[in-house]
Amino acid sequence: MRIDQFPKDMQPYLIPQPRGNMFYRCLKCGAEFDVRELLYTCVKCGGVLLLENRDVSHREIPGNIWRKIFDYRRMLNVQPLKGIFRYYEFTAPIIPLDQIVYLGEGHTPVVRANNRLRSMVGMDFYYKNDGLNPSASFKDRGMACALSYLQYLAGEKGLSDILAICASTGDTSASAALYSAYLRDIVKSAVLLPQGKVTPQQLSQPLGSGARVLEMPGVFDDCMKVVELLAEHYNVALLNSKNSWRILGQESFSFEVAQDFDYSVEDKVVVLPIGNAGNITAVMSGFLKFFEADVIDALPWIIGVQSDHADPVYRYYREETPGDRHFIPVDVRPSVAQAAMIGNPVSMPRVIELAEKYNGLAGGKRIHIVQVTEQEIMDSMIMANQNGNIACTQGGESLAGLQKAFNEGVVDSKMIGVLDSTAHMLKFATFQEKYFEDSFEPDFEVIPDPTLRNAPVELSVDNRGPSPQPGKPLKGKEMDQFVTHMAGKIASILNLTKK
Ligand SMILES: *Cc1c(COP(=O)(O)O)cnc(C)c1O
Ligand SMILES: [Zn+2]
């Protein structure tokens, strides 16, 4: 719909102008820094940062008007506002619209689970398919924001040779490479991967986008240490979630969940896997922003899920008394939720601060962390997909987490789950293959459920007749015999009855 077709009183709100007074705040020492520099950590103490806005004038607009603005923007065909920047004023409102990079990210489908899955879990739930983002994971939400900011900064400072770098469990590099490729005149990208710890599909993505791909021994946590050192000593733009511009973009997940359910979230339970903890940071922060501006009038429940092979956040919160909690990084073991296989999440200080604020404002414990097994993750993923979803292993982890929270009485059947399937199933097809072929290495501790396995059936020609070959089709009677033979075999395998 064209802008002049909207109600007159709403038109001025729909296409925003840059505004806001943003700054970085250190979570450790409280220092504040100007956003005209790209910072990853506090210059004074090395603590992690979050981006904030001193200008809270958007809170003067009542919640019902905001809801209308977002609902009208959904109908508006203005490119920069079609993705995560539909929520411009709540995201990074210093970036001019013409600097915003939009590659089709955000506004991913929310799909209700079928009857069978709902009764299996014991409650109603939906999957939000973040695998339907352009590089097939939720990471595109954060990258769209970070690269829009980079483009804006490059314009302000006259830069045209930015080297963007990241360590990755696979999806960050796919996304960083994609967005950098779009801005290739100003940004080149290099990605650092733990050798053998990303799937072939994830490896093909940055290669296809033209990034420099570097593979090193070790796991993600080791790669992270290396890029952090590089970011400290060289002129590179770090695109890991330590970069707080990414967190801002990922908040759009929460804004969308609110809008997807007509801003009624008091009975919702948002479930997501935790790796580096950037996503749960963003999800909490997003709901808090909407709550503080009266866009939503309650805070939903949030369940963070970790595999028992990589569970530092779960271990931290297992201690009920806040004063007795100590964060201890863990050594990860092989996990099918490979994108979340992280022992020392960089966003832990953000989680600690925001979870406390969240629970405080909600007036009770709304953030829960549950632990699941590798077996539960794989079974849940296969089960989800055999019921019409497209869940990756981490999406399976979300389902396993909801089931665990339900079984433990953390959530009940009056609530409605919203599960983040963080990537597309196809990126993690190798784990599905291991399940179907029963070929998991013992470290994974996964034994396939025979009723969930699947394999192609090879149809061979056993009547010694000829079969068609590429470039050598069968003709006439030979072809008739071949078709009859194959059809007969299939009818027998599928138990077909004659008409
Ligand atoms: C990155 C990633 C995660 C983990 O998110 P964090 O922000 O690191 O906690 C989970 N699932 C997928 C598919 C991912 O790519
Ligand atoms: Zn500091």
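Which handedness does the β-α-β unit made by E6, helix H5 and E7 have? The unit formed by E6, helix H5 (residues 171–182) and E7 is right-handed. The structure discussed here is a predicted model.

## The parallel sheet

The β-α-β unit belongs to an open sheet of 4 strands, arranged in the order E8-E7-E6-E9 with parallel pairing. Strand E8 (212–216) and strand E9 (237–238) occupy the edges; each has a single partner strand, so one side of each is left without a neighbour in the sheet. Helix H7 (residues 220–233) packs on this sheet and touches E6, E7, E8 and E9. The direction of helix H7 makes about 155° with that of E6.

In general terms, the strands of a sheet are paired through backbone hydrogen bonds, in either a parallel or an antiparallel sense.

## Strand E6 and its partners

Strand E6 (residues 162–167) pairs with strand E7 (residues 187–194) in the parallel sense, over 6 bridges. Within this pairing, Ile165 stands opposite Ala190 in E7, and Cys166 stands opposite Val191 in E7. E6 also runs parallel to E9, to which it is joined by 2 bridges.

Ile165 appears in both pairings: it faces Ala190 in E7 and also stands opposite Leu238 in E9. Strand E6 is mostly covered, with 5 of its 6 residues buried.

## The zinc site

The zinc ion (ligand 2) has four protein donors: Cys26 (SG), Cys29 (SG), Cys42 (SG) and Cys45 (SG), lying 2.3 Å from the ion. The angles subtended by the 4 donor atoms around the zinc ion (ligand 2) are 99 to 114°, which makes the arrangement tetrahedral. For reference, the ideal angle for four tetrahedral donors at a metal is 109.5 degrees.

Along the chain, the donors of the zinc ion (ligand 2) follow the spacing C-x2-C-x12-C-x2-C. Cys26 and Cys42 link distant parts of the chain, being 16 residues apart. Cys26 belongs to strand E1 (residues 22–26), whereas Cys42 lies in the loop between strand E2 (32–34) and strand E3 (49–53). Both Cys26 and Cys42 are buried.

## Arg59

Arg59 is located in the loop between E3 and helix H2 (63–73). Its relative accessible area is 41%, so Arg59 is partly exposed. When neighbours within four places in sequence are left aside, Arg59 is in contact with Glu292 and Ala293.

Arg59 and Pro473 are separated by 414 residues in sequence and by 71 Å in space, taken from C-alpha to C-alpha.

## Residues with positive phi

Most residues other than glycine have a negative phi. Two residues of the model are considered here in that light.

Tyr263 has a phi near 65°, a positive value in a residue other than glycine. Tyr263 lies in the loop between helix H9 (252–260) and strand E10 (268–273). With a relative accessible area of 7%, Tyr263 is buried, since buried means under 20%. Asn495 likewise is not a glycine and has a positive phi, of about 60°. Asn495 lies in the segment after helix H16 (476–493). Its relative accessible area is 65%, so Asn495 is exposed.

Methods: Residues are numbered from 1 along each chain as its sequence is written. Chains are lettered from A and ligands numbered from 1 in the order in which they are written. This is a predicted model: local features need pLDDT of at least 70, side-chain atom pairs count only at pLDDT 80 or more; totals for chains, interfaces and linings use all residues. Side-chain values use heavy atoms; hydrogens and water are left out. Two strands pair if DSSP finds at least two bridges between them. Contact means heavy atoms within 4.5 Å. Axes are lines fitted to C-alpha atoms, for helices over the stretch in contact, and angles run from 0 to 180 degrees between N-to-C directions. Buried means under 20% relative accessible area, exposed over 50%, partly exposed in between (1.4 Å probe, protein chains only). A crossover is right-handed if, with the strands pointing away from the viewer, the path from the first strand over the helix to the second runs clockwise. Donors are N, O and S atoms within 2.8 Å of the metal (3.2 Å for Na, K and Ca); water is not among the atoms, so sites may look incomplete. Four donors count as tetrahedral if all angles lie between 85 and 135 degrees; four count as square planar and six as octahedral if opposite donors are over 155 degrees apart and all others between 65 and 115; anything else is irregular.
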